[in-house]
Every structure is written in structure tokens, then in C-alpha cells.
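Visitor: I would like to learn how to read a structure of this kind, beginning with one residue and ending with the empty space. Could you take me through it step by step?

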Amino acid sequence: MLKKTLGLLASAAMVLGVSQVASAADMAVKALPPPAPIWTWTGFYIGAHVGAGWGTTESTLTGIVVPGLGAAAFSFPFSQNSRSGFLGGGQVGYNWQSGWAVFGVQADIAGTDIKGTTPCVVVLSCTTKTDWLATVSGRLGAVVADRGLIYVKGGAAWMNNKHTVNLPFVTGTPILGQEVTSKESTAWGWLLGFGTEWMITPNWTAFIEYNYIEFDKKNEAFAINPLLVGPGVFVNADLKNKLSIAKVGVNYKFDWGTPVVARY
């Protein structure tokens, strides 16, 4: 009888021990912390930005064509127009991180309202307005504080402008107030910039950036309003544009190309 009782007690102890071990193992599994987020800049991204731009447009007359008289070449500084305004657009790009270094390429486009008007040749009014700006650039950055990035960039830029020359308006004088000439022109040039970006989450980032852009000199032919000088008169002018851009924005980084870490 005693042996039987001892056997029952031993069996009960074994069952209780196994149950406690299983319970402890189950608690240990449940207590595992969640996997740490993957802070990497590698991957494709798309985003949006807003900002402001300011710069100058220098115009130099280089010649005139008059029907029946032929063409004449000369050089005459016409105007220097300072302009400023706002912009907004989007960007797409790809980053690749190796240790602390981040290499990337980015393309962006923005609609703009960067414009300015200045007196030119005493009696005229010259206006330049930028309608859109596009850039393609390479980026080189360094990771700081795990989630931060400082970078420099350089590349090419394209800008679309409309140049307008007007006579001042005088009430009761039909010839004054007329548009003398206008021309839409697209110029290309180079850009240099720098910025900083912060990883808010593994997928969302925010940035602030400055770009300086200088466009190549471009010669354009402006048709003069025939109501003022008769048909067929053209004036040639060299146009030189410089632009500074400051902008802030956000990016969403896709997980394509991000290393996969096992989750438990």
C-alpha cells in the first residue's frame, strides 16, 4: 500500500514538473521583444516637396532683322530681372547604402510661380516667369546618428520661362499698353546642392535642401508686335538665367531591395 501511494505521488510530481516547464517555456516565448526596425537607406522612393526660388535673368540684345533692310549685329545690355516665387512638385529616386556611405540618383519636377518685372530701356517693362523646373542628379551622403543623412548632389536641370516686353499703359493712347514681344524658352544647365534627411520610420523620411542652378546662355529670336513696327521685324537676344531653390519635403521608401530579417 505504501509503495502504491509513493508511486502515485511521484507520478503527480512528474506531471506537475512537466506542466511548469511547459508553462515557463510558453511564457519565455511570449516575452520575446519585437524585432528591431531595419534602419537602411537602400531602396526606391517617391515623394513630394514645396519651396521657394529666387534668381536673375540677364538679357543682352545681339541683333535685329528688318524686312528690306537686312540684319544688323550688335551687343546691347537690355535688362537684369530679379525674380522670386513659390514652387511645388515631386521626386523619385533610388538609394544604396554601404556602411556609412549612401549613393543615390534622383529625378524631380516642379511647377513654379517664380517671376519678376523690371524697367528696361527706360520706357519698357520686362517680365520673366518660370512655369516649370526639372532636374536629374546624383547624390552622395553620409549616415549620422543611425537615422540621419547629410548629402551633396549635382546634375543637370531644365527650366521653362516666358519672357515678355510691354509698353506702359496710358489711358486714351491705343499704341501704349501693347505687348512689344514675348517668347517661351526652355534652357538647360547644371546644379549643385546639399541637404539633410531624417528617417521618421523605416519607410518615411523628411528632408530640407538647397540647390544652386546656373543655365547656359541661350540666344532667342523675338518677333516684334507688327502693330508697332510693321510685319517681319525680329530682335535677337542672349538670355542668361541663375536660380536658387530652397525646399522641404517627404519621401516614402519602398521595401524593394531592403534586406530581409527573420521575424519570430
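**Reading a loop, a strand and a pocket**

Guide: Please keep in mind that this is a predicted model. We can start at Gly230, which has its place in the loop between H2 and E9.

Visitor: Is Gly230 buried or exposed?

Guide: The cut-off for buried is under 20% relative accessible area, and Gly230 is buried because its relative accessible area is 18%. Gly230 also shows how sequence and space can be read side by side, since Val66 is 164 residues away in sequence while the two C-alpha atoms lie 9.4 Å apart.

Visitor: Which residues does Asn241 touch?

Guide: Asn241 is found in strand E9 and is buried, with a relative accessible area of 3%. Leaving aside residues up to four places away in sequence, Asn241 touches Thr56, Thr57, Arg83, Met159, Asn161, Ile213, Glu214 and Phe215. With two of these residues there are polar contacts between side chains: one of 3.3 Å to Arg83, and one of 3.4 Å to Asn161.

Visitor: How should I read the empty space, and which residues are the closest to the centre of the largest pocket?

Guide: Rolling a probe the size of a water molecule over the atoms shows where empty space is left. Here the largest pocket holds about 370 Å³ of space. Its lining is made up of 24 residues, of which Leu61, Phe78, Leu124, Val165 and Thr181 are the closest to the centre. Among the elements that give two or more residues to this lining are helix H2 (226–229) and strand E9 (234–253).

Visitor: What is the lining of the largest pocket like by class?

Guide: The lining has 15 nonpolar and 9 polar residues, with no charged residues.

Conventions: Residues numbered from 1 in each chain as written. Predicted model: local features only at pLDDT ≥ 70, side-chain atom pairs only at ≥ 80, totals over all residues. Heavy atoms only, no water. 1 Å grid on protein atoms, 1.4 Å probe; cavity = no way out; pocket = protein on both sides within 12 Å on 5 of 7 lines; lining within 4 Å. Points joined across faces, edges and corners; volume = space filled by probe spheres on them. Helix = DSSP H or I, 4+ residues; strand = E, 2+ residues; numbered from the N terminus. Nonpolar A, V, L, I, M, F, W, Y, C, P; charged D, E, K, R; others polar. Buried < 20%, exposed > 50% of the residue type's maximum accessible area, 1.4 Å probe, protein only. Polar contact = N/O pair within 3.5 Å; in protein donor to acceptor, adjacent residues only side chain to side chain. Contact = heavy atoms within 4.5 Å.
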